[in-house]
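Trainee: Could you walk me through this structure? I'd like to begin with the core and then move on to the charged side chains.

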Amino acid sequence: GADGVQVVGSKSRGEAFALKIIDGNKPALFAASVEVMEQLGWLDDAQREALKPWRAQPILNARGLLVGERTPLFHLQTP
């Protein structure tokens, strides 16, 4: 289905990209989207700071203990 689908476009650049996270996980989708924008060079310092909450983050359990980390592990191949 459409869960986990994100399409982001830059009108000024005339570019866009689409992502699909198979299980529909929204935090993973948002982190991947921000990472793609970073790797494409679309973000300036202010945008990076504004999007920081959506990037890679530690994962804490109900007791506040670190149990993992959400981290995009890919590198785009651009033409």
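Mentor: Let me start with a term: a nonpolar core is a set of buried Ala, Val, Leu, Ile, Met, Phe, Trp, Tyr and Cys residues joined through side-chain atoms within 4.5 Å. Please keep in mind that this is a predicted model.

Trainee: Okay, which residues make up the largest nonpolar core?

Mentor: There are eleven of them, namely V8, F17, L19, I21, L29, A32, V34, V36, M37, W42 and L43. Two elements, β2 (15-20) and α1, give two or more residues each to this core, and the largest share, five residues, comes from α1.

Trainee: And what does I21 touch, leaving out residues up to four places away in sequence?

Mentor: I21 touches D3, G4, A28 and L29.

Trainee: Back to α1, then: which of its residues are buried, and what covers them?

Mentor: The buried residues of α1 are L29, A31, A32, S33, V34, E35, V36 and M37, and what covers them includes β1 (5-10), β2, α2 (45-51) and β4 (66-70).

Trainee: What goes on at the two ends of that helix?

Mentor: At the start of α1, a side-chain oxygen of N25 reaches to within 2.7 Å of the backbone nitrogen of A28, while G41, which follows the helix, has a positive phi, near 80°.

Trainee: E35 is on that buried list, so what does E35 contact beyond its neighbours within four places in sequence?

Mentor: E35 is in contact with R55, P72 and F74. Its relative accessible area is 18%, and because buried means under 20%, E35 counts as buried.

Trainee: Switching topic, how many salt bridges are there?

Mentor: The count comes to four, and E35, E38, D45, R48 and R55 are linked in a network of salt bridges.

Trainee: How does R48 fit into that?

Mentor: R48 forms a salt bridge with E38, with the closest N and O atoms 2.8 Å apart; this pair links distant parts of the chain, R48 being in helix α2 and E38 in helix α1, ten residues apart. R48 also forms a salt bridge with D45, where the closest N and O atoms are 2.7 Å apart, and these two are separated by about one helical turn because they are three residues apart in helix α2.

Trainee: What about E38 and R55?

Mentor: E38 forms a salt bridge with R55, the closest N and O atoms being 3.2 Å apart. Since E38 lies in helix α1 and R55 in the loop between α2 and β3 (57-60), the pair ties together parts that are 17 residues apart in sequence.

Trainee: Last one: is D45 buried or exposed?

Mentor: D45 counts as exposed, at 62% relative accessibility, whereas R48 is partly exposed at 27% and E38 is partly exposed at 22%.

Note on methods
Residues numbered from 1 in each chain as written. Predicted model: local features only at pLDDT ≥ 70, side-chain atom pairs only at ≥ 80, totals over all residues. Heavy atoms only, no water. Buried < 20%, exposed > 50% of the residue type's maximum accessible area, 1.4 Å probe, protein only. Contact = heavy atoms within 4.5 Å. Helix = DSSP H or I, 4+ residues; strand = E, 2+ residues; numbered from the N terminus. Polar contact = N/O pair within 3.5 Å; in protein donor to acceptor, adjacent residues only side chain to side chain. Salt bridge = Lys/Arg side-chain N within 4 Å of Asp/Glu carboxyl O.
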